[in-house]
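Please work through the exercises below with the sequence and the coordinates at hand, trying each task before reading its solution.

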Amino acid sequence: MGILNVTPDSFSDGGLFFSERTIERRGEQLIEEGADIIDIGGESTRPFAAPVSVEEELKRVIPAIKAIRRISNIPLSIDTTKSSVAEQALDSGADIVNDISAMRFDPKMAILVRNHCCPAVIMHMQGTPKDMQIKPSYTDVIAETIAFFRERLASLGNQGVDLSQIIIDPGIGFGKSLAHNLTILNNAAAYQVLNCPVLIGHSRKSFLCSLLGQDLKDRDQPTAVIAALLAQRQVSIVRVHDVTGTKQALQLAEGIARA
């Protein structure tokens with residue numbers, strides 16, 4: 001899953017892709033590099049980020065979706081917590097809903113996903129982007145995130161959502177310390193108990209600097225290394241900025257696994 005943020009303040013690529021031409025070029029680049037899905041987001045969810053209005057988010061993402069649709073039929077994911085944004089995105093050509101709130105912030109989101117019968121990503125987050133990194137705490141981060149997903153899957157199933165369409169994301173960096181992030185990465189295979197595909201979004205996140213003890217200007221190489229390790233832990237989707245490096249790492253991991 002290649003990332004296309006049409007925001008002024010995302011932590012890595014905020015402000016880079018605003019005009020329709022730059023959006024098209026970024027889409028073309030991701031496709032040429034081998035992305036299988038493009039994830040489009042119009043609201044930054046970095047730590048301490050402030051929310052944006054529905055109107056502003058729509059103004060950012062709908063032209064981006066239409067711009068990519070003019071050049072490709074690649075599956076598109078809309079990264080939003082708002083059902084009204086997701087609905088217009090799906091109507092404009094998006095295929096997947098990616099909701100960091102696991103459909104908790106907007107009760108209409110589950111109804112929308114049910115009615116469209118579309119794939120949807122639900123993510124675990126302790127708190128909200130404004131407070132999630134203040135002091136995250138768990139007794140057992142794996143057990144507690146699995147329990148969270150069990151509850152969400154039960155709730156969504158009761159609302160008529162097709163659970164075979166659900167993808168789970170443990171939420172690296174969303175209400176997690178360095179130790180929590182590393183525990184999730186090392187134990188990513190544990191989420192197979194939920195019988196859902198697993199998505200991990202670790203690309204360029206600050207825990208890489210914390211782990212390596214330096215302020216990395218280029219975080220793509222460690223991102224790719226982790227992606228290769230995740231392939232051994234039954235992770236189905238990795239959400240990344242650098243598709244080329246990640247694809248190479250995944251191909252190496254697959255070649256070694258098959259030998």
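The exercises that follow go from the whole chain to helix packing, aromatic rings, backbone angles and single residues.

The model is predicted, so local features need pLDDT of at least 70 and side-chain atom pairs count only at pLDDT 80 or more, whereas totals for chains, interfaces and linings use all residues. Residues are numbered from 1 along each chain as its sequence is written, and side-chain values use heavy atoms, with hydrogens and water left out.

**Exercise 1. The chain as a whole**

Determine how many helices and strands the chain has, and how its radius of gyration stands against the globule rule.

Solution. Begin with secondary structure, where helices (H or I, at least four residues) and strands (E, at least two) are DSSP runs numbered from the N terminus; the chain has nine helices and eight strands. Next take the radius of gyration over C-alpha atoms and set it against the globule rule, which is 2.2 Å times the number of residues to the power 0.38. The radius is 17 Å, close to the 18 Å that the rule gives for 259 residues, so the chain is as compact as a globular protein of that length. Along the principal axes, the C-alpha atoms fill a box of roughly 40 × 40 × 40 Å. Finally, classify accessibility with a 1.4 Å probe on protein chains only, calling a residue buried under 20% relative accessible area, exposed over 50% and partly exposed in between; buried residues then make up 54% of the 259 residues.

**Exercise 2. Packing of two helices**

Describe how α8 and α9 pack, giving the angle, the distance between the axes and the handedness of the crossing.

Solution. Fit the axes as lines to C-alpha atoms, for helices over the stretch in contact, with angles running from 0 to 180 degrees between N-to-C directions. Helix α8 (residues 220–231) and helix α9 (residues 243–258) then pack at an angle of about 35°, and their axes are 8 Å apart. For handedness, a crossing is left-handed if the near helix is turned anticlockwise from the far one by less than a right angle, and right-handed if clockwise; the crossing of α8 and α9 is right-handed. With contact meaning heavy atoms within 4.5 Å, Ala-224, Ala-227, Ala-228 and Ala-231 in α8 meet Gly-245, Thr-246, Ala-249, Leu-250 and Ala-253 in α9.

**Exercise 3. Aromatic rings**

Find which residues form one aromatic cluster, and characterise the ring pairs.

Solution. Rings of Phe, Tyr and Trp (its six-membered ring) pair if their centres lie within 6.5 Å, and planes under 30 degrees apart count as stacked, over 60 as edge-to-face and the rest as tilted. The structure holds two aromatic pairs. One of them joins Phe-148 and Phe-149, which are edge-to-face at 5.4 Å centre to centre with 70° between the planes. The rings of Phe-149 and Tyr-191 have centres 6.3 Å apart and planes at 85°, so this pair is also edge-to-face. It links distant parts of the chain, since Phe-149 lies in helix α5 (residues 141–158) and Tyr-191 in the loop between α6 (178–186) and β7 (199–200), 42 residues apart. Phe-148, Phe-149 and Tyr-191 thus form one aromatic cluster. As for accessibility, Phe-148 is buried at 14%, Phe-149 is buried at 0% and Tyr-191 is buried at 0%.

**Exercise 4. Positive phi angles**

Establish whether Met-103 and Asn-195, which have positive phi values, are buried or exposed.

Solution. As background, most residues other than glycine have a negative phi. Met-103 has a phi near 65° and is placed in the loop between β4 (96–99) and α4 (108–116); with a relative accessible area of 5%, Met-103 is buried. Asn-195 has a phi of about 60° and is placed in the loop between α6 and β7; at 69% relative accessibility, Asn-195 counts as exposed.

**Exercise 5. Surroundings of two isoleucines**

State where Ile-96 and Ile-71 lie, and which residues each is in contact with, leaving aside neighbours within four places in sequence.

Solution. Ile-96 lies in strand β4 and is buried, with a relative accessible area of 9%. Its contacts are Ile-37, Leu-76, Ser-77, Ile-78, Leu-90, Pro-119, Ala-120 and Val-121. Ile-71 lies in helix α2 and counts as partly exposed at 32% relative accessibility. Ile-71 is in contact with Glu-24, Gly-27 and Glu-28; Glu-28 is 43 residues away in sequence and 7.7 Å away in space, C-alpha to C-alpha.
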